[in-house]
Protein chains: 2
Amino acid sequence: MNKEQIIDQIRCKRSFLCVGLDTDLKKIPTHLLDEEDPIFAFNKAIIDATAPYCIAYKPNLAFYECQGVEGWNALEKTVNYLRKNYPEQMIIADAKRGDIGNTSQMYARTFFEQMDVDAVTVAPYMGEDSVTPFLGYEGKWVILLALTSNKGSMDFQMTEDKEGEKLFQKVLCRSQEWADANQMMYVVGATQGQAFEEIRRLAPNHFLLVPGIGAQGGSLEDVCKYGMNKECGLIVNNSRAILYADKSENFAVVAGQKAREMQQMMEIELERYGI
Amino acid sequence: MNKEQIIDQIRCKRSFLCVGLDTDLKKIPTHLLDEEDPIFAFNKAIIDATAPYCIAYKPNLAFYECQGVEGWNALEKTVNYLRKNYPEQMIIADAKRGDIGNTSQMYARTFFEQMDVDAVTVAPYMGEDSVTPFLGYEGKWVILLALTSNKGSMDFQMTEDKEGEKLFQKVLCRSQEWADANQMMYVVGATQGQAFEEIRRLAPNHFLLVPGIGAQGGSLEDVCKYGMNKECGLIVNNSRAILYADKSENFAVVAGQKAREMQQMMEIELERYGI
């Protein structure tokens, strides 16, 4: 999936919403636990209800791995279901991987060959040769952690070097030597407010994947004010506020309504900035 | 598994070798491909041949995930086989995970509850709340990336802040506020030579997990010279030089010989430092 296709989807759907599939057996409606594969049953219902209002789905690997073999099975079924029924949707494996070259190569194979998702989130700590193996696939994306949404983002990402350059800024600059805005995006937490201005100065044309709206406290309006560019340039994720808005048998309908509300807020923002 | 048990194993086996289970279907002896589960068949043979000479096994998650459901199945069987037959061995899930709190919690459940390994490698980029969820399990370990063995370790880990503190030093110092040497270890690449002296100044009592001997070019003698402490304090990993030393039907015997050679070199080092 290339950048133009993502922008087309945003214009067409009037949305830049990503639905995070953080599917937790302890939180899904209890009637689903009788299904043969409760995780997939939940995902399928959520996808069918929300697909008109979003442009991407982001399964969070932790939630599948913690169910072992059954979790991986449910993840593969979810990816295949999306590929077959909603081929226009971007699929982001939120995995935050990163290892020495030959190991990152194996992770790249996992996500881009074995599973055929469009993008994978990658952690930058181990540097260039931990990231570049993910870049050898046409139409596939690396989404590199830059400035995350959590409190711990202050621990190392904000550390300034001798020239006053913060670590997340260094990650943004160095990584642009490895790939351009057609192959790389950055994770920037919605909770980071005005840091978006700084990020847009360093990466004006890159798409940013933005978690942290909702449960984590970020504001959509601020994210757009400081982070939107002329192609939108934002993919804003929401997981919990959509997935777990309702726990009755009606959960998918309510999830669809929540996604639609977010799409409508996003449409206002797109219009505000003339997109 | 607590620190005393690890030290007892080192004294008893006269070894601080960890065998990395980077099991790659493209590299294992071809006759195993006829087995129902070639990955597990390979691991089982390697484990039976090398167990007398090592104190830990480190499955590298990437190599299992890239086989999808079958890979996870093989990984679970390998962990269960070790638990049942070699309960004295430490099992390290080399996963390099790290995410916001609720997601790290799911990864912790994956490795410490669903799979019951002893330790998991964790990436520090996202800070304290991405690491602490792994620390809530008695007898389980976080092995935090400090200074890795690859070329890309120079990109960010060596960045100096205004006070001249390098990022990996900051990781070593800050993380000691989250857990002590009874719950945390650090990854330090064997290729880092004299940096071990600096690391021992900051973390004199912690165990260090050391990859990078062999295929990556690190020297066991240097690692011991600069990194060993009075409890040994080192777990040195080797993967490829043991696993793929021979590709005939005799592969396990040769792997055992290679592990034994390493154990003998380690015994010399232990004696040299009076352990």
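The following dialogue concerns how chains A and B meet in this predicted model.

Visitor: What rotation superposes chain A on chain B, and how are the two copies thus related?

Guide: Chain A is superposed on chain B with an RMSD of 0.0 Å, and the shift along the rotation axis is 0.0 Å. The rotation itself is 180 degrees. The two copies are therefore related as by a two-fold rotation axis.

Visitor: Which residue of chain A comes closest to the rotation axis?

Guide: The distance concerned is that of the C-alpha, and its value is 1.9 Å. The residue of chain A that comes closest is A:Asp161.

Visitor: Which element gives the most to the side of chain A that touches chain B?

Guide: The contact takes 49 residues from chain A and 49 residues from chain B. Among the elements of chain A that give two or more residues to this side are α3, α4, β3 and α5. With seven residues, the element that gives the most is α5(A).

Visitor: Why do the copies meet through the same surface?

Guide: The interface residues of chain A are to be compared with those of chain B. The copies meet through the same surface because the share of interface residues of chain A that are also interface residues in chain B is 100%.

Visitor: Are α4(A) and α4(B) roughly parallel or roughly antiparallel?

Guide: Helix α4 of chain A and helix α4 of chain B, each spanning residues 68–85, have axes 9 Å apart and pack at an angle of about 170 degrees. Angles over 145 degrees count as roughly antiparallel. The arrangement of α4(A) and α4(B) is therefore roughly antiparallel.

Definitions and conventions. Residues are numbered from 1 along each chain as its sequence is written. Chains are lettered from A and ligands numbered from 1 in the order in which they are written. This is a predicted model: local features need pLDDT of at least 70, side-chain atom pairs count only at pLDDT 80 or more; totals for chains, interfaces and linings use all residues. Axes are lines fitted to C-alpha atoms, for helices over the stretch in contact, and angles run from 0 to 180 degrees between N-to-C directions. Helices (H or I, at least four residues) and strands (E, at least two) are DSSP runs, numbered from the N terminus. Angles under 35 degrees count as roughly parallel, over 145 as roughly antiparallel, 65 to 115 as roughly perpendicular and the rest as oblique. Copies are superposed by least squares on the C-alpha atoms of residues with pLDDT of at least 70 in both. Two residues are in contact if their C-beta atoms, placed from the backbone, lie within 7 Å.
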